[in-house]
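Open the model in your viewer and keep the selection panel at hand. The stops below go from confidence to salt bridges to pockets.

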Amino acid sequence: MSSSAHTQDPRANPAGAAVEQAAHLETGHGEGALPTAMRLDSRKMGIWFFIASEVIIFASLIGTYIIFHGKTPPEEGIKHLELNVAATMTFILLMSSFTMVSALAKIQEGDRRSMVRYLIATAVLGLVFLGCQAFEWSLLFGEGINATTNIFGATFFTLTGFHGTHVFIGVLWITALVLRATRGTGFSVTNNMAVELGGLYWHFVDLVWVVIFMVVYLI
Amino acid sequence: MEHAHSAKQPNYLLIAIYLGVLTVAEVIIASQFPTAAWKVPVLILLSFGKGGLVALYYMHLRYDSRLYSFFFAFALFLLAIPFVLSLIVLFSNVPGAGHGVTGGG
């Protein structure tokens with residue numbers, strides 16, 4: 001960051017210089033960026049701290065599933081899982097990650113209309129994922145397996161239900177971004193941090209599913 | 001500043017294709033080699049590969065401040081994974097692995 005970017009003398013007015021510096025921190029931080037001692041956007045740091053905490057939570061749920069894996073006879077548990085459905089869900093979520101990151105890329109190029117289209121596509125794919133999960137759950141319910149049937153049911157439905165809730169919250173978040181983008185207080189090349197933060201959450205949800213898919217359906 | 005950011009952007013479509021190919025490989029290995037001894041380590045590697053692609057390119061860890069990578073890596077490799085491994089060792093029935101809940105060890 002060149003010194004010519006500063007009009008405030010940091011020694012005479014440290015607070016004003018810090019605010020001015022915040023405006024130059026990373027692209028897309030135009031408004032509302034709070035300076036931190038580490039010269040990073042506090043909102044982005046906040047979301048990464050949040051993701052770190054979510055890593056612990058999901059690790060405990062996945063660990064619990066692993067511990068009790070094999071305690072239920074396969075014919076009463078994993079044999080009822082449909083790999084094709086789960087693979088389809090995985091492709092859907094991976095596609096949604098692509099549309100989400102494309103939305104961010106488009107607004108960083110100044111193409112607001114394309115960003116909105118990609119955001120809508122992401123939300124729709126998220127809903128399709130949830131629909132597939134509901135379908136899978138209905139298949140298991142039809143075979144007499146639910147959260148209270150056995151250990152497999154308890155751990156499977158807790159893990160996938162918790163993840164599905166996160167996907168649903170992500171869909172709501174993206175919907176809020178779409179609504180904001182279509183109103184006057186939309187996004188621009190210099191103001192798109194909210195899209196990036198939503199994207200980070202969404203990609204994390206996808207990341208968790210990558211692990212769940214392997215642990216639950218493949219191994 | 002916009003140009004600099006655009007120049008840093010990877011080919012997201014190519015990354016998506018890689019992710020799809022890795023997923024197909026996972027499904028083939030799981031369905032065609034269900035009892036292979038190498039199945040689990042290979043699947044873990046493939047999952048790490050997919051996760052790495054998502055974290056590095058879609059979550060921009062490759063291009064952002066190293067501090068974000070530190071937060072994520074610390075939570076994953078120094079907290080979550082050791083925690084899960086500890087749970088597995090403590091609560092499994094593997095002989096000699098410790099005192100399990102079900103009375104093993």
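What pLDDT does chain A average? Colour chain A by pLDDT, the predictor's confidence in each residue from 0 to 100: the average is 87, and 83% of the residues score at least 70. This is a predicted model, in which local features need pLDDT of at least 70 and side-chain atom pairs count only at pLDDT 80 or more, while totals for chains, interfaces and linings use all residues. Residues are numbered from 1 along each chain as written, chains are lettered from A in the order in which they are written, and side-chain values use heavy atoms, with hydrogens and water left out.

Select helix α4 (residues 112–142) of chain A, where confidence in that chain is highest, at a mean of 97. Then select helix α1 (residues 14–23) of chain A, where confidence is lowest, at 52. Helices are DSSP runs of H or I with at least four residues, numbered from the N terminus. Next take residues 22–30 of chain A, with pLDDT below 50. Where pLDDT is low, the predicted coordinates should not be read in detail.

Now the salt bridges (a side-chain nitrogen of Lys or Arg within 4 Å of a carboxyl oxygen of Asp or Glu). The structure holds five over all chains. Show A:Lys44 and A:Glu196, whose closest N and O atoms are 2.6 Å apart. A:Lys44 sits in helix α2 (residues 42–68) of chain A and A:Glu196 in helix α6 (residues 193–218) of chain A, 152 residues apart. Both A:Lys44 and A:Glu196 are buried, that is, under 20% relative accessible area with a 1.4 Å probe and protein chains only (exposed is over 50%, partly exposed in between).

In chain B, show B:Glu26 and B:Lys50, bridged at 2.9 Å between the closest N and O atoms. Then add B:Asp64 to the first pair: salt bridges that share partners join A:Lys44, A:Glu196 and B:Asp64 into one network.

Last, the largest pocket, with a volume of about 1000 Å³. A pocket is an open set of points on a 1 Å grid over the protein atoms alone, where a 1.4 Å probe fits, with protein on both sides within 12 Å along at least five of seven lines; lining residues have an atom within 4 Å of a point. Of its 36 lining residues, select A:Val211, A:Met214, B:Phe48, B:Leu76 and B:Ile81, which lie nearest the centre. Helix α4(B) gives the most to this lining of the largest pocket, with eleven residues.

Notes: Helix = DSSP H or I, 4+ residues; strand = E, 2+ residues; numbered from the N terminus. Contact = heavy atoms within 4.5 Å. Points joined across faces, edges and corners; volume = space filled by probe spheres on them.
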